[in-house]
Amino acid sequence: MNIHVNATKLRLTGVTKSFFTPRTGATTLAVAEMNLDIQAGEFICIVGPSGCGKSTVLNMIAGLDQPSTGSIEKDGKAITGPGADRGVMFQDYALMPWQTVEANVGFGLRHGTPGQNLSSNKRQERINHFIDLVGLKGSENKYPHQLSGGMRQRVALARLLANGPDILLLDEPLGALDAQTRLILQSELLRIWGETSPISERKTAIFITHDIEEAVLLADRVVVMSSHPGRVREVVNIDLARPRAGTARTNPRFGLLVEHIWSLIRDEAYRAIGGAQSETVSHENPH
Amino acid sequence: MKHSAFEQHARVVLRNLTLPVLLLVIWQLWASTLPVGSPAPSPVKVLETFFELISKGSLVSATVQSLGRVLMGFSVASAIGIALGLMMGTSPSVRENLDPIIESFRPIAPMAILPIAILWLGTGTPTALAIVAYASFFPVVVNTVHGVSHVDNKLISAAKTMGVSRLSILMRVVLPGALPSILLGTRLAMGVAWTAIIAAELAVGAKSGGGGSGGIGQMMFVFYAYNIDLNAIVVCMTVVGLVALTIDQIFKMLEKRLIPWRHEI
């Protein structure tokens, strides 16, 4: 199979999503008119305040939710439902509590479409490879509740990669981690995604985060969304050289980009916490 | 000061046995104040009767018969209850149709269907099985539905995004996710099954005049209606309690085995 550089992997055309609340009889518009083209091998981060529809967009791409109007196409074909070609890493990892690390990583390979054409030896090889890749060797027989948040996150990542998806959909995967673990896993994510490999070998990734610095560190482009209804405010090109792991934060350009994105969502962030609108420029995260 | 594991265990046993032993002593003391030949039961006489009934073999065979009926009725009820519960928990239309029927039967006590059961099925094992199955069906089905509908939706979504088929999701996500609740339901069901069989055998014993039904409940009926042997009745009651306790312990062990992710926290 030939992957063309700069081929459009994913195309969102006029996508809206509205939810009907039976209790109140009201219809809320969660996502309004979203247009976005994502290239193969691109790393896209979506940032925005709570309620801007970030997760809804991700769920629609995953096929777990259908757009109310508009269309989402992958490689020119409309997405009609969930499939293993679009792997999802959920906010709280969604690991099966009754399965060990090994069984969780192998879940898709053993019970889903990704392992259909593989012998059980090949499956096992794949499982071991990805357990190794995320640094979980020795913890294969532990249950999720015996693991730290960072380790659970690694299990979820290994499971995602083991299924060999075309597109990685990551819904605030690092959100629940402490600051140090988060920094380490950001670098690891870049390594595993293939920051040092040519674009043609990278996976297309869509990563949702609250953390602007995280978005700038990871993304080729940052989609900044605003809320009520959720819409794209601006798509910011992150023109920092790769590999970035470890070095990008010291680049003055890094700070400027963070500042710019913060300026786009600052007002809304202040309104969300009920505080006064601030004139002073701040580097704080809009939490 | 540190205590050895054995010492700690002994302390726990000692502490938990204080009140029961005290009550037995008071009971025995009270019985010893009664005139000789009184039919009132006492711990010592109960123990004597127990060994007497054991040596005759009748106590063991009655217990085994009751237990066999419980296990059979319970198994049938669990199979139907879990299957229906899975269907109800996953399909809203099945649930909306079955829920009113199940909920309107649920308040009807197992004993209340006994007259019909006896008229249709006679006074033997079929009636006992029907009563046990009826009694244990409800805890199983209600807890299965609860378990299935409370399986984390994220896990089902995750399985869908891994290309897992609907049947596999049912078997690999919904069933294990609902397992703690299902096991709780079966444990409760076993408890009511055991109480139902004793009550059914007692009642059937009354109907057939102490004849053919057998089981420990009927044994009690004979001691009550014909022999008027209070000590033997207490023996039967104690055996019923001990068997129930043992079954419950087995279920707790089973739970630990089947849901290790819950017990290592």
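This is the transcript of a short presentation on a predicted model with chains A and B.

Good morning. The structure before you is a predicted model, and I shall speak about the sheet of chain A, then some individual residues, then the helices of chain B, and finally the contact between the chains.

Let us begin with the sheet in chain A. In what order do the strands of this sheet run? The order is β6-β7-β8-β3-β9-β10, and these 6 strands form an open sheet with mixed pairing. At the edges stand β6, residues 86-89, and β10, residues 231-237; each has a single partner strand, so one side of each lacks a neighbour in the sheet. From one strand to the next, the twist averages 20°.

Consider the edge strand β6(A) in more detail. Its partner is β7(A), residues 167-171, and the two pair in the parallel sense over 4 bridges. Within that pairing, M89(A) has L170(A) as its bridge partner. Are the faces of β6(A) covered or uncovered? Both are covered: R86(A) and V88(A) on one side, and G87(A) and M89(A) on the other, are all buried.

Elsewhere in the sheet, strand β3(A), residues 43-47, runs parallel to strand β9(A), residues 221-226, and 4 bridges join them. As a point of reference on your screen, you may find C45(A), which stands opposite V222(A) in β9(A). A helix also belongs to this picture. Helix α8 of chain A, residues 252-273, lies across β3, β9 and β10 of that chain, and runs at about 15° to β9(A).

I turn now to some backbone details in the loops of chain A. Two cis peptide bonds deserve attention. One runs from H228(A) to P229(A), with omega near -10°; P229(A) is placed in the loop between β9 and β10 of chain A. Another joins R242(A) to P243(A), with omega about 0°. The loop that holds P243(A) connects β10 and α8 of chain A.

Positive phi values in residues other than glycine come next. A94(A) has phi near 50° and sits in the loop between β6 and α2 of chain A. Is A94(A) buried or exposed? The count of other C-beta atoms within 10 Å is 23 for A94(A), so this residue is buried, the cut-off being 20 or more. E172(A) has phi near 45° and belongs to the loop between β7 and α6 of chain A. With 20 other C-beta atoms within 10 Å, E172(A) is likewise buried.

Let us move to chain B, and to its helix α10, residues 230-258. How do helix α9(B), residues 215-227, and α10(B) cross? Their axes come within 9 Å and cross at roughly 165°. Since angles over 145 degrees count as roughly antiparallel, α9(B) is roughly antiparallel to α10(B). The crossing is left-handed. From α9(B), the residues I216(B), M219(B), M220(B), F223(B), Y224(B) and N227(B) meet A232(B), I233(B), C236(B), V239(B) and V240(B) of α10(B). This contact is made of 10 nonpolar residues, 1 polar residue and no charged ones.

A second helix, α2(B), residues 43-56, packs on α10(B) at an angle of about 75°, with the axes 8 Å apart. These two helices are therefore roughly perpendicular to each other. Here K45(B), V46(B), T49(B), F50(B) and L53(B) of α2(B) meet N231(B), A232(B), V234(B) and V235(B) of α10(B). The residues of this contact divide into 6 nonpolar, 2 polar and 1 charged.

Two further residues of chain B illustrate exposure. A5(B), in helix α1(B), residues 5-32, has 7 other C-beta atoms within 10 Å and is therefore exposed. The C-alpha atoms of A5(B) and T161(B) are separated by 49 Å, and the two residues are 156 apart along the chain. D152(B), in the loop between α6 and α7 of chain B, has 14 C-beta neighbours inside 10 Å and so counts as partly exposed.

Finally, the contact between the chains. How many residues does each chain give? Chain B gives 17 residues and chain A gives 24. On the side of chain B, the elements giving two or more residues are α7(B), residues 153-160, and α8(B), residues 166-207. The most come from α7(B), with 5 residues. By type, the chain B side comprises 9 nonpolar, 4 polar and 4 charged residues.

Thank you for your attention.

Methods: Residues numbered from 1 in each chain as written. Chains lettered and ligands numbered in written order. Predicted model: local features only at pLDDT ≥ 70, side-chain atom pairs only at ≥ 80, totals over all residues. Contact = placed C-beta atoms within 7 Å. Nonpolar A, V, L, I, M, F, W, Y, C, P; charged D, E, K, R; others polar. Pairing = 2+ DSSP bridges. Axes fitted to C-alpha atoms, helices over the stretch in contact; angles between N-to-C directions. Parallel < 35°, antiparallel > 145°, perpendicular 65-115°, else oblique. Left-handed = near helix turned anticlockwise from the far one by under 90°. Buried ≥ 20, exposed ≤ 12 C-beta atoms within 10 Å, placed from the backbone.
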